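This report covers helix packing and enclosed or open spaces in one protein chain. The model is shown below.

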Amino acid sequence: MKKVVICVPSLAIGGAERFAVDLALALDKNKFRVIIAITRLNVDSYFSQLLEQNDVQIVNLAGKDYLSMLKKQLQFLKKERPDVVHAQTGSILHMMLACKLCNIPVRLYTVHNEANLLYGNSKLKKIIYKAGFSLFNFKPVAICPTVKQTLVDDMGIPASQIVVVNNGVDTKRFTPAQIIHESDTVRIISVGTLYWIKNQLMTIRVILALHKLGFKVELTLLGDGEDSDKIKRAIKESDAGSYIFTPGSKKNVEDYLRQSDIYISASRTEGLPLSVLEAMACGLPVIATDAGGTRDIVKDGINGFIVNVDDEDGMKEALLKLIDNKVLRKSYSVKSREIAKQWSLENCTRGYEILYES
């Protein structure tokens, strides 16, 4: 049995964290023993509770400074001697030296966003990430073809050195509604952390404009985050509390998706949004901005519409096409489910199992 350590900076609610938890739970327990390692901030969350309920070990490798963190990591790696260390987001920066010193056989780093988001405007950080892929032997794994291309274009990593394992959605949990809701009101939903990158304020403005035109629409913004108060204030100031809702973060996301008619994503940047895949698995047509790997799963004119980032008018026009046409919504719904099945959690898990065994 191979021992796999999946590293995340924390288990706070987020897309990369969700990926790590889903993968840890889905791996073949007859072949792999999985440990989740926290490298920056130890927080209690639904994810940590879920892992504990399923007997997945969680270890805290964070420290008050780099040297104390490194010491803790070296002690852990020498004791456990894992076959694989699989880093997510910033945890590669925390773990790369310890993994090199302990000569971990397989080192992987899943790239969840477009490459430029790894380092922002920092040239030093870009150099460190590139060193992680070369000197420290972490193999970059892109979550979709678009993210792979950004690693080639922005960081100069040869395409032959990058593996693509498409992100996966649990198509058994996220399924279409069994009962068709007959209503004159079109229910629109968006799921994600409430902050500026997700651009929920633009989504709100679009819904306000449609409501003023007389369309019966409702919007649910599922999630929480640093912009929560700002978003709630905007809804209150627009007197839109009767048709724009912010219920916060929920465990039963699939229930909210099944009660909806259209999924909307106004993100300014993305990797491959799992929230969009989950909506597609529930049979929702999608309207999304052309951000990152979204274009790999949302096919314009097939299961939804792609509009330019920050294109408020384009998003409004796309919504109008779906609001006015139930037949089109039904067609896009079927296609969304078909595409989501191609991006299943089973396929994703198998892809990583092959890498772990290599």
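In this predicted model, helix α8 meets helix α13 through M202, R205, V206, I207, A209 and L210 on the α8 side and E312, M315, K316, L319, L320 and I323 on the α13 side. Sorted by class, the contact of α8 with α13 has nine nonpolar and three charged residues, and no polar ones. Helix α8 spans residues 200-212 and helix α13 spans residues 312-323; their axes come within 10 Å and cross at roughly 55 degrees. Because of that angle, α8 is oblique to α13. The crossing in which α8 passes α13 is right-handed.

A second helix pair involves α11, residues 274-281, which packs with α14 at an angle of about 120 degrees, the two axes being 7 Å apart. The angle therefore makes α11 oblique to α14. Here α11 passes α14 in a left-handed crossing. On the α11 side the contact is made by L277, M280 and A281, and on the α14 side by S336, R337, I339 and A340. The residues of this contact of α11 with α14 divide into five nonpolar, one polar and one charged.

The geometry of both pairs is set out below.

| Helix pair | Crossing angle | Axes |
|---|---|---|
| α8 and α13 | roughly 55 degrees | within 10 Å |
| α11 and α14 | about 120 degrees | 7 Å apart |

Helix α14 also takes part in a pocket. The second largest pocket has a volume of about 550 Å³. Its lining consists of 24 residues, of which I180, S260, D261, K330 and S333 are the closest to the pocket centre. Three elements each supply at least two residues of this lining: β8 (186-191), α10 (253-258) and α14 (326-342). Which of them gives the largest share of the lining of the second largest pocket? That share, six residues, comes from α14. By class, the lining of the second largest pocket comprises 10 nonpolar, six polar and eight charged residues.

Closed spaces are a separate matter. The count comes to one cavity of 30 Å³ or more. The largest cavity holds about 40 Å³ of space. Which residues line the largest cavity? The lining is made up of F19, D22, N167, G168, L274 and L345. By class, three residues of the lining of the largest cavity are nonpolar, two are polar and one is charged. L274, one of the residues lining this cavity, falls within the range of α11, residues 274-281.

Key
Residues numbered from 1 in each chain as written. Predicted model: local features only at pLDDT ≥ 70, side-chain atom pairs only at ≥ 80, totals over all residues. Heavy atoms only, no water. 1 Å grid on protein atoms, 1.4 Å probe; cavity = no way out; pocket = protein on both sides within 12 Å on 5 of 7 lines; lining within 4 Å. Points joined across faces, edges and corners; volume = space filled by probe spheres on them. Helix = DSSP H or I, 4+ residues; strand = E, 2+ residues; numbered from the N terminus. Nonpolar A, V, L, I, M, F, W, Y, C, P; charged D, E, K, R; others polar. Axes fitted to C-alpha atoms, helices over the stretch in contact; angles between N-to-C directions. Parallel < 35°, antiparallel > 145°, perpendicular 65-115°, else oblique. Left-handed = near helix turned anticlockwise from the far one by under 90°. Contact = heavy atoms within 4.5 Å.
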